[in-house]
Amino acid sequence: MSIAVSDQEPTGDKSSPKKYPRITTHVLHEMKLRKEKISMLTAYDYSMAAILDAAGIDVILVGDSASNVMAGHKSTLPITLNEMIYHASSVVRAVERALVVVDLPFGTYQGNSKEALHSAIRIMKESGANAIKIEGGKEIQESIERILSAGIPVMGHLGLTPQSIHKFGTYTVRAREEKEAQKLIADAHLLEECGSFALVLEKIPASLAEQVSTGLQIPTIGIGAGNHVDGQVLVLHDMLGITHGFSPRFLRRYHNLYEEIKGSVQSYINDVKTKNFPNERESY
Ligand code: KIV
């Protein structure tokens, strides 16, 4: 697969938002060629997506982690296609620059490539997103190829694939064993050969992620996969500290919004109870 540098020339400005007015799958390939790291975060609603886009994030993932952080489920399995489309449409309405990628939820693509294509088409048509993400390698090759044949960009996802949590039985680091590492490498190349435009590598040894990344032309985006990948992704609610009691080693928290929001709500409650709110300026 050869990758050309596009007509969207960087301006020389160091801030990505000005450099690339609109992020496309092609721009991500250029970023890999230029060794420029790709930033990706999850978002599930209009207001957060607007902030991420204004901040200059390259890719917004409408992840099925919405099942956990938005709906309170214990895993990503329960979220439905309709719910994903609802989240994705809200995000798309806010975004002017970032590439919006949407997870195909559990049960909408495994074992039936026609259903996979139908699910991907619904996401693209009903939400206006730019691409879909799908978990797995060889076992879902037919689904990936069918989706790609319809012109829908596909981001792969290997390593700790949360939709398979019941098969793994643990959220521990994947592919430490040689056999699993070899399968991951083979799957990564297969995804590239099929035509996927990028690949998420979740919770695998940094050395393996580096080996995969240097062997591929498409960009890799890591989460718990070390620093030698082409970009990084985190779940927004984790990096902002909205979720708590979840501290895997790979997670860097940039805020403690759980405590900050709780404190603000407590101040509000106190103001209401003490009749301190509203005051005269806040009344008509
Ligand atoms: O659903 C999600 O948020 C994801 C990321 C963890 C990559 O798939």
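Let's start with helix H5, which covers residues 81-94: its 14 residues reach 20 Å from the first C-alpha to the last, close to the 20 Å expected at 1.5 Å a residue. Please keep in mind as you look around that this is a predicted model.

Which residues of H5 are buried? They are Leu 81, Met 84, Ile 85, His 87, Ala 88, Ser 89, Ser 90, Val 91 and Ala 94. These buried residues pack against several other elements: helix H3 (46-55), strand S2 (59-62), helix H4 (66-69), strand S3 and helix H6 (113-127).

Now to the charged side chains. Side chains of opposite charge can pair when their charged atoms come close. How many salt bridges does the model have? The count comes to 9 salt bridges. Three of them, including their N to O distances, are set out here.

| Lys partner | Acidic partner | N to O distance |
|---|---|---|
| Lys 19 | Glu 36 | 3.0 Å |
| Lys 133 | Asp 103 | 2.7 Å |
| Lys 183 | Asp 187 | 2.6 Å |

Take the pair of Lys 19 and Glu 36, whose side chains meet in a salt bridge. Lys 19 belongs to helix H1 (residues 16-19), while Glu 36 sits in the loop between helix H2 (25-33) and strand S1 (38-42), so this pair ties together parts that are 17 residues apart in sequence. Are these two residues buried or exposed? Both Lys 19 and Glu 36 are buried.

The side chains of Lys 133 and Asp 103 form another salt bridge. Lys 133 is in strand S4 (residues 131-135) and Asp 103 is in strand S3 (residues 99-103), so the pair links parts that are 30 residues apart in sequence. Strand S3 is also one of the elements that the buried residues of H5 pack against. Lys 133 is buried, with a relative accessible area of 1%, and Asp 103 is buried as well, with a relative accessible area of 2%.

The pair of Lys 183 and Asp 187 lies within one element. Both residues are in helix H9 (residues 178-194), 4 residues apart, which is about one turn of the helix. An α-helix has 3.6 residues a turn, so residues three or four places apart point the same way. Here the partners differ in exposure: Lys 183 is partly exposed, at 39% relative accessibility, whereas Asp 187 is buried, with a relative accessible area of 6%. Which residues does the network around this pair contain? Glu 139, Lys 183 and Asp 187 are joined into one network by salt bridges that share partners.

How values were computed. Residues numbered from 1 in each chain as written. Predicted model: local features only at pLDDT ≥ 70, side-chain atom pairs only at ≥ 80, totals over all residues. Heavy atoms only, no water. Salt bridge = Lys/Arg side-chain N within 4 Å of Asp/Glu carboxyl O. Helix = DSSP H or I, 4+ residues; strand = E, 2+ residues; numbered from the N terminus. Buried < 20%, exposed > 50% of the residue type's maximum accessible area, 1.4 Å probe, protein only. Expected span 1.5 Å × (residues − 1). Contact = heavy atoms within 4.5 Å.
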